[in-house]
Structures are given as C-alpha cells and as structure tokens.
Amino acid sequence: SFISITAVGLYSNYKLLMDICRTFINQIFNNMYHSVGNLVAKESIEKIYSVYKVTMLLNFWLYSMFTIVLYIIIPPFITVWIGSQYLMGHAVLIILVITFYERGMRNSISTVKTTAGIFHEDRYAPLCQAAINLIVSIILVQFIGIAGIFIGTLISSLMVPFWTTPYLVYRKVFNKPLRYYYRQYLYYGAIGIGAYAVAYTASYWMPSDTLLMLIFKAIVCMVVVNIIYIMVLCRTEEFKYLLGIMKNAYSLLI
C-alpha cells in the first residue's frame, strides 16, 4: 500500500536472479543435513565443530562468490535483458545483495541448530523478527520508498537470528565462546570484500552490451574470486578437508 505495483515488478526481476543462485547453492547444502545430523548424534564435540567449520567455509565460498557476481552482473544483465528502465536504485541493489549474503551465511550454523533439535529456546525469535521487520519497514518506506522495506528486513535479521542462532549453537552444541563465530565471520567478510575489489577492477573495463559478453564477464569474476580464495585459504585445515573430498569424488568419477 506504500509503494506502486511497478516497484514490486522491478524487484521481482532482481529476486528471480537471486533465487536462481540461492536454489543452486541450497541443493548442495540440503544433502548435508543427514550427515550433520549423524555427526551431532554420534560424534564428539570437537569432530562436530571441525566439520561445521568446513561447511562454514564452503558456505562462505559459494555465497560470497555469487554475491560478488550478482552485484557486478545484475545491472548490465537487466539492461540487456529487458532495458535500463527496469533498473532499481543502486542503494537497493546493495541492500539486496547484503541480505542475500547474510541469509546465506547462516546456512551452516542453522543446519547444526536444526539437526541438534534446538527449537524451544528461540521459539519467540521469529515473532520478534517479524515485529521488528514490520515496524522498521513501515517507518522507513515512508521516507525512502521500497529500499526502506529491504532495510527493515536486513535490520530484523541482524537483530534476531544473526545473534540468537550462533549463541544457542555455540553454547549448547560446541561449548565454545561466541566470539569464535564472529571472529571467523569477520575474517571471511574481509576476504570477501577484498575479492570483490579485485573482481570489480578486473571486470570494470569489459563490455556488457551483449549476453555473451555478460556471461564471459561473470566467468571472469568467478575465476578471479576463486583464485583469491585459494591463495588466501589454501593452508587452512578446512580447505584441505574440502580438497580431499573433491579429490575422492574425482577419483570415483574416473
């Protein structure tokens, strides 16, 4: 009731592209639920924690890579696809990709929470999140339009599940200080920002006026991001674990 139907239509184009990426990534993580559940039920805390750190790395790798590509590719893609008149403000795109990344980065910690059966302790969290979302969105939409709705969604996520989910998992499952989670979260975030800066610089001068060139630009961004991540993270135990899984999978295929 606060914004036009046209604005909702513009947003649907952005949402479509992000949902495609989210669906692709979720297909990978959906297959991990049973494995994580078995770990929580049978293995030691240290084993559960070590595997969780691997899934967090994979989670960061995929979601940050797609966040960077979406941020760089969406505006020229929509321009080529349906025209520049269907573009939304740049601030809206920033908020949408940050929300996409924030939601995605909760996958690994939410998986442990769900498989560990932690539901009763935060039963009121969704209600609090919905209330904050509604109040902030209604206030901001009157001043900054549709961007205010997306900001309300992001703020509600940061104020509730961003804190409650890791708190419960680290206290009840890992028995470790919560600062470990946010320290790793900030570390990955810094790496992602650096990768974005390099990918943006590498693709800035590339033409984006045809679909073929956009695909090539997206590939270049992905290659640059992956090279940076490999260079920075190759010595970590989590990366070595993932590399071992990939080698085993490749050996089975051949």
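**Overall architecture and internal contacts of an all-helical model**

From the N terminus on, the elements of the protein follow the order α-α-α-α-α-α-α-α-α-α-α. The radius of gyration is 20 Å, close to the 18 Å that the globule rule gives for 254 residues, so the protein is as compact as a globular protein of that length. The structure described here is a predicted model. In total, the protein contains eleven helices and zero strands. Along the principal axes, its C-alpha atoms fill a box of roughly 55 × 50 × 30 Å.

Burial and contacts were then examined for the whole chain. Of the 254 residues, 43% are buried. Among contacts between residues at least 6 apart in sequence, 81% join residues at least 24 apart. The area exposed by the protein is about 13900 Å², and carbon and sulfur atoms supply 68% of it.

Two helices illustrate the packing of the interior. Helix α4 covers residues 90–105. At 1.5 Å a residue, the 16 residues of α4 should span 22 Å, and the end C-alpha atoms of this helix are 23 Å apart, which agrees. Its buried residues are V92, L93, I95, L96, V97, T99, F100, Y101, E102, G104 and M105. These residues pack against α1, α3 (45–81), α5 (107–115), α7, α8 and α9 (179–203).

Helix α7 (residues 146–159) has 14 residues, for which a span of 20 Å is expected at 1.5 Å a residue; its end C-alpha atoms are 20 Å apart, which agrees. Within α7, the buried residues are I146, A147, G148, F150, G152, T153, L154, S156 and S157. The buried residues of α7 pack against α1 (5–30), α4 (90–105), α6 (125–144) and α8 (161–174). The packing partners of the buried residues in α4 likewise include α1, α7 and α8.

A contact between distant parts of the sequence is found at P76, a residue of helix α3. With a relative accessibility of 16%, P76 counts as buried. When neighbours within four places in sequence are left aside, P76 is in contact with S208 and L214. The C-alpha atoms of P76 and S208 are separated by 6.1 Å, although the two residues lie 132 residues apart along the chain.

Charged pairs were considered next. Side chains of opposite charge can pair when their charged atoms come close. Seven salt bridges are found in a search of the whole structure. One of the pairs joins R22 to D19, with 2.8 Å between the closest N and O atoms. R22 and D19 are three residues apart in helix α1, which means that about one helical turn separates them. An α-helix has 3.6 residues a turn, so residues three or four places apart point the same way. D19 has a relative accessible area of 25% and is therefore partly exposed. Together with K15, residues D19 and R22 are linked in a network of salt bridges.

Another salt bridge connects E238 with K53, the closest N and O atoms being 3.6 Å apart. E238 belongs to helix α11 (residues 237–253) and K53 to helix α3, so this pair ties together parts that are 185 residues apart in sequence. The two partners are set in distinct surroundings: E238 counts as buried, at 13% relative accessibility, whereas K53 is partly exposed, with a relative accessible area of 29%. A further salt bridge is formed by the side chains of E102 and R106, at 2.8 Å from N to O. Both E102 and R106 are buried, and E102 is among the buried residues of α4.

The surface also carries a nonpolar patch, formed by V80, Y187, L211, I215, I219, V223, I227, M231 and V232. Together, these residues have about 800 Å² of accessible area. Helix α10 (residues 211–233) gives the most to the patch, with seven residues. One of the patch residues is I215, which is found in helix α10. The relative accessible area of I215 is 45%, and this residue is therefore partly exposed.

Methods. Residues numbered from 1 in each chain as written. Predicted model: local features only at pLDDT ≥ 70, side-chain atom pairs only at ≥ 80, totals over all residues. Heavy atoms only, no water. Patch = residues over 30% accessible without salt bridge, like charges linked within 9 Å, V, L, I, M, F, W, Y side chains within 5 Å. Areas by Shrake-Rupley, 256 points an atom, 1.4 Å probe, with all protein chains shown as cover. Salt bridge = Lys/Arg side-chain N within 4 Å of Asp/Glu carboxyl O. Helix = DSSP H or I, 4+ residues; strand = E, 2+ residues; numbered from the N terminus. Buried < 20%, exposed > 50% of the residue type's maximum accessible area, 1.4 Å probe, protein only. Expected span 1.5 Å × (residues − 1). Contact = heavy atoms within 4.5 Å. Rg over C-alpha atoms; globule rule 2.2 N^0.38 Å.
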